[in-house]
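I kept these notes while paging through the coordinates at my desk. Have a look along with me.

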Amino acid sequence: MPRPINATLHLAALTTNLRVVRRFAPSAKIWAVVKANAYGHGLQHVWCSLAENSDGFALLDLNEAVLLRESGWQGPILLLEGFFQPADLMLIDRYCLTTAVNSDWQLQAIAEAHLQAPLDVYLKLNSGMNRLGFAPERLHSAWLTAKELHNIGSITLMSHFATADGTEGVTEQMAVIERATAAIDLPRCLANSAATLWHPHTQGEWVRPGVILYGASPSGNWQDIAATGLQPVMTLSSKIIGIQQLQAGDRVGYGWRYAAGGAQRIGVVACGYADGYPRHAPTGTPVWVDGVLTHTVGSVSMDMMTVDLTPCPQATIGTDVELWGRKLPVDDVAAAAGTLGYELLTALAARVPIVIEK
Ligand SMILES: *Cc1c(COP(=O)(O)O)cnc(C)c1O
């Protein structure tokens, strides 16, 4: 028998979450963002459920785009980071992909390519994130160049927000976008999950939600999405495979990072950092065991971790444990570990068996 760990995918939650996005952005088309292997859920497992109600898929790996096309998706596919070398344009052309364009060299490469059909492009503006995109003062000339190219079909304006989930909001970047596009009339695609939920004036023609499709909070705080109807898509669960009865002073695990203050029963769970559970999660990180919330004790090992069984004295070998999911939001686990649900979901290890729940 394999180790008892698995990740259950609640596919119906994808449909629910997409419906929530539609409610928040009723007049925009939706790019369902499925980069990073659908935020760790497995592109091949989730795309059919999302396809029912999304207008396109956005990702950044050319191989994932080809996989999606060859799996049967005939609608739009957007390459969020554009292409990385001119030769990529052959595949972009063959598979009818939409590509972001963020640099002059990419415009040049498109101009020189031999294509079967003009490409739809997303002209990317750097509005303050300072990762990819044309500087605001360069956007106008990039647009003038792009619209003259026979190899370019439709052009959409794209930009990305740095603080749509925080108190700074989008005001500063929206001002940059308005200024840079004063003399340019293009359809817009600006909003990530946070902007889609919390800054509706950014929505434009297309929105690009990612993490909320999977039921996690863009802010890292589950309370921020608790009232939206968004539901977790992944439940990571395992079982207790060992019990230890500690006495005062007994220590636990690598580095003996935990010492019992008194008599204490702990459980050993078949889940470790090689499954994608964060190794830096400190003692006190929440875990759901047998109907109650308890917490980790000591270091997370590669294949195992230890949890306090004081609140669940009935727990024994074989008892169910939820690491995150429907009973324990991934955001709560991530917050305790000093990270975001994004990181935990995308880090799910390939060795964890996936169980599909329709
Ligand atoms: C990842 C990403 C998104 C989606 O972000 P979420 O915060 O998960 O909604 C949107 N746009 C771009 C360019 C991205 O890289």
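**Entry 1: a serine pair.** I started with Ser-217 and Ser-219, whose side chains are joined by a polar contact of 2.9 Å. I should say at once that I am working from a predicted model. I found Ser-217 in the loop between β9 (206–207) and β10. Is Ser-217 buried or exposed? I looked up its relative accessible area, which is 1%, so Ser-217 is buried, the cut-off for that label being under 20%.

Next I listed what Ser-217 touches, leaving out residues up to four places away in sequence. The list holds Trp-198, Val-211, Trp-222, Asp-224, Ile-225, Asp-331 and Tyr-342.

**Entry 2: enclosed spaces.** How many cavities of 30 Å³ or more does the structure hold? I noted two. The largest cavity has about 60 Å³ of space. Asp-331, which I had just met as a contact of Ser-217, is one of the residues that line this cavity. Others in the lining include Tyr-214, Gly-215, Trp-324, Pro-329 and Leu-345. By class I wrote down eight nonpolar residues, two polar and one charged.

The second largest cavity has about 30 Å³ of space. Its lining includes Lys-124, Asn-126, Ser-127, Asn-130, Ser-159 and His-160. Here the classes come to three nonpolar, five polar and one charged.

**Entry 3: the largest pocket.** I then turned to the open spaces. The largest pocket has a volume of about 540 Å³, and 26 residues line it. Which residues lie nearest its centre? I noted Lys-35, Tyr-39, Arg-131, His-160 and Asn-192. His-160 was already in my notes, as part of the lining of the second largest cavity.

I also checked which helices take part. α2 (35–39), α9 (193–198) and α11 (341–346) each supply at least two residues of the lining. The largest share comes from α2, with three residues. In my class tally, this pocket has 15 nonpolar, five polar and six charged residues in its lining.

**Entry 4: the second largest pocket.** I read off about 200 Å³ of space for the second largest pocket. There are 14 residues in its lining, and those closest to the centre are Ser-237, Ser-238, Lys-239, Asp-320 and Val-321. This time I was looking at strands: β1 (6–10), β10 (234–246) and β17 (320–324) each give at least two residues to the lining. β10 gives the most, with four residues. The lining divides into four nonpolar, five polar and five charged residues.

**Entry 5: a helix check.** Last, I took a ruler to helix α1, residues 11–24. What span should its 14 residues have at 1.5 Å a residue? The expected value is 20 Å, and the end C-alpha atoms are 21 Å apart, which agrees. The rule counts one less than the number of residues, so I did not multiply by the full count.

Which residues of α1 are buried? I noted Leu-11, Ala-13, Leu-14, Thr-16, Asn-17, Leu-18, Val-20 and Val-21. I then asked what covers them. The cover includes β1, β2 (29–33), α3 (43–51), α9 and β18 (354–357). Two of these names were in my pocket notes: α9 supplies residues to the lining of the largest pocket, and β1 does so for the second largest pocket.

Technical notes: Residues are numbered from 1 along each chain as its sequence is written. This is a predicted model: local features need pLDDT of at least 70, side-chain atom pairs count only at pLDDT 80 or more; totals for chains, interfaces and linings use all residues. Side-chain values use heavy atoms; hydrogens and water are left out. On a 1 Å grid over the protein atoms alone, a cavity is a set of points where a 1.4 Å probe fits but cannot get out, and a pocket is an open set with protein on both sides within 12 Å along at least five of seven lines; lining residues have an atom within 4 Å of a point. Grid points are joined across faces, edges and corners, and a volume is the space filled by probe spheres set on the points. Ala, Val, Leu, Ile, Met, Phe, Trp, Tyr, Cys and Pro count as nonpolar, Asp, Glu, Lys and Arg as charged, and the others, Gly among them, as polar. Buried means under 20% relative accessible area, exposed over 50%, partly exposed in between (1.4 Å probe, protein chains only). A polar contact is a pair of N or O atoms within 3.5 Å; within protein, one must be able to donate a hydrogen and the other to accept it, and residues adjacent in sequence count only if both atoms are side-chain atoms. Contact means heavy atoms within 4.5 Å.
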